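This report describes how the helices and sheets of one protein chain are arranged, and where its backbone departs from the usual pattern. The sequence and the structure come next.

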Amino acid sequence: MKALNAILDKARRSPRRIVLCEGEDERVLRAAAKAAEDGIAVPTVVGRRHNIEALATRLDIDVSGIKLLDPSDSSVTNSLADELFALRSRKGMTREQAQKVVIEPLCFANLLVRQGYVDGSVAGAAYTTADVVRSAIQLIGLAPDSTLVSSFFLMMLCKPFHSLKGGMIFSDCGLVIDPDAEQLSQIAMAAADSAESLLGEEPRVAMLSFSTSGSAQHRNVEKIVQAARRVKADRPSLAIDEDVQLDAAIVADIAERKLPGSQVKGRANVLVFPNLEAGNIGYKLAERIGGAEAVGPLLQGLAKPANDLSRGCSVEDIYHVIAVTTVQAQAADARQGKYQGASA
């Protein structure tokens with residue numbers, strides 16, 4: 001899996017501090033230990049200290065490379081509670097409520113990100129996607145140039161029978177149900193950024209439809225065209241095709257026939273789906289029938305990286321998401337032009 005190996009190598013070159021809030025889950029603890037051993041991240045694991053230490057002893061997991069934080073006795077808990085109160089008091093939260101809520105691991109972990117004690121967060125082995133996304137939006141917040149949090153899958157096509165080789169970004173396959181034109185444009189630009197940081201390639205974006213270059217007339221097609229034109233206005237140098245069918249997006253010969261003026265020329269590495277139904281079906285078809293490997297759902301549009309896990313995730317799944325989160329944090333630091341952080 002060349003694309004994934006490239007992400008792992010990039011993570012090793014400059015590991016970032018990644019917090020995992022479900023430290024009492026065996027899969028999470030094993031993945032954090034592996035990430036520390038392989039040097040793809042500097043993991044912090046949140047949970048009840050006694051339980052995590054007992055789990056590590058019982059399963060013979062080496063946690064020497066992991067920082068363990070227990071919200072009930074951490075030196076930063078009070079300052080995080082103060083930050084939570086300042087953030088949520090307008091919503092009616094009292095200081096006493098903040099002191100109780102802050103010890104909840106997901107909240108504690110995302111406040112660590114917000115305050116710069118760590119660089120990114122991974123959760124979802126036990127928490128629901130709704131919980132993970134809600135907490136990230138409330139506590140980490142949106143990136144300055146973003147109005148929407150969306151998701152994407154990193155799809156690896158690396159098997160001998162794949163005619164396409166390498167990594168692709170599929171978005172949005174897990175979060176925004178029926179985006180309007182403005183939301184779809186935000187998804188497309190965020191997905192392009194994800195391709196650039198994770199694939200190390202110039203993004204080539206296909207706005208997928210049942211129409212190619214106006215071959216069909218429908219309000220759903222018009223939404224896609226409007227979204228693509230918003231992207232072009234904001235990022236005129238980005239290679240993007242407006243309404244385009246999947247075959248013309250990924251097969252050069254078909255693109256030449258159907259869309260001779262294509263900017264992508266049948267070499268899309270970012271597929272933007274018109275809605276969640278299409279995206280969810282599309283990535284599962286690629287995974288289950290096409291044999292692609294899917295990493296995600298991953299989040300984009302946040303001020304700092306926070307990623308979701310499937311509750312059925314494996315140790316390897318978590319390990320890969322840690323690596324992706326490290327690379328996202330590297331990209332966020334590069335955009336800010338610095339790498340700074342407090343120490344918890």
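Helix α2 passes helix α13 in a right-handed crossing, and this description, like everything below, rests on a predicted model. The axes of α2 (residues 26-38) and α13 (residues 315-336) come within 8 Å and cross at roughly 50 degrees; because angles between 35 and 65 degrees are classed as neither roughly parallel nor roughly perpendicular, α2 is oblique to α13. On the side of α2 the contact is made by R27, V28, R30, A31, A32, K34, A35 and D38, while α13 contributes V315, I318, Y319 and I322. Sorted by class, the contact of α2 with α13 comprises 8 nonpolar and 4 charged residues, with no polar ones.

A second helix pair is formed by α6 (residues 105-114) and α7 (residues 129-140), which pack at an angle of about 40 degrees with their axes 9 Å apart, and whose crossing is right-handed. Here L106, C107, N110, L111, V113 and R114 of α6 meet D131, V132, S135, A136, L139 and I140 of α7. The classes in this contact are 8 nonpolar, 2 polar and 2 charged residues. The two pairs are set side by side below.

| Helix pair | Angle between axes | Axis separation | Residue classes in the contact |
|---|---|---|---|
| α2 and α13 | roughly 50 degrees | within 8 Å | 8 nonpolar, no polar, 4 charged |
| α6 and α7 | about 40 degrees | 9 Å | 8 nonpolar, 2 polar, 2 charged |

Both α13 and α7 return in the account of the sheets.

An open sheet of 5 strands has the order β3-β2-β1-β4-β11, and its pairing is parallel. The edges of this sheet are β3 and β11 (306-308), each of which pairs on one side only, and the twist from one strand to the next averages 25 degrees. Within the sheet, strand β1 (residues 16-20) and strand β4 (residues 120-123) pair in the parallel sense over 3 bridges, and V19 has S121 of β4 as its bridge partner. Helix α7 packs on this sheet and touches β4 and β11, its direction making about 170 degrees with that of β11. Helix α13 also packs on the sheet, where it touches β1, β2 (41-46), β4 and β11, and its direction makes about 135 degrees with that of β1.

The other sheet described here is likewise open, with 6 strands in the order β8-β7-β9-β6-β5-β10, but its pairing is mixed. Its edge strands are β8 (239-244) and β10 (293-300), each pairing on one side only, and neighbouring strands are turned by 20 degrees against each other on average, direction ignored. Strand β7 (residues 204-208) is joined to β8 by 5 bridges, and the two strands run parallel; along this pair, A206 stands opposite D241 in β8, and R204 stands opposite A239 in β8. Helix α9 (residues 219-234) packs on the sheet, touching β7 and β8, and its direction makes about 170 degrees with that of β8. Helix α13 packs on this sheet too, touching β5 (150-157) and β10, with its direction at about 45 degrees to that of β10.

Is the edge strand β8 buried or exposed? With buried taken as under 20% relative accessible area, 6 of the 6 residues of β8 are buried, so this strand is largely enclosed by the rest of the structure.

Some backbone details deserve a look in the model. A cis peptide bond joins S171 and D172, with omega about -10 degrees, and D172 is found in the loop between β6 (166-171) and α8 (181-199). The peptide bond from G296 to P297 is also cis, with omega near 10 degrees, and P297 lies in strand β10, an edge strand of the mixed sheet.

Positive phi values occur in residues other than glycine at D60, where phi is near 55 degrees, and at K265, where phi is near 60 degrees. D60 is found in the loop between α3 (49-59) and β3 (67-69), and D60 counts as exposed because its relative accessibility is 71%. K265 has its place in the loop between α11 (252-258) and β9 (270-272), and K265 is exposed as well, with a relative accessible area of 51%.

Key: Residues are numbered from 1 along each chain as its sequence is written. This is a predicted model: local features need pLDDT of at least 70, side-chain atom pairs count only at pLDDT 80 or more; totals for chains, interfaces and linings use all residues. Side-chain values use heavy atoms; hydrogens and water are left out. Axes are lines fitted to C-alpha atoms, for helices over the stretch in contact, and angles run from 0 to 180 degrees between N-to-C directions. Angles under 35 degrees count as roughly parallel, over 145 as roughly antiparallel, 65 to 115 as roughly perpendicular and the rest as oblique. A crossing is left-handed if the near helix is turned anticlockwise from the far one by less than a right angle, and right-handed if clockwise. Contact means heavy atoms within 4.5 Å. Ala, Val, Leu, Ile, Met, Phe, Trp, Tyr, Cys and Pro count as nonpolar, Asp, Glu, Lys and Arg as charged, and the others, Gly among them, as polar. Two strands pair if DSSP finds at least two bridges between them. Buried means under 20% relative accessible area, exposed over 50%, partly exposed in between (1.4 Å probe, protein chains only).
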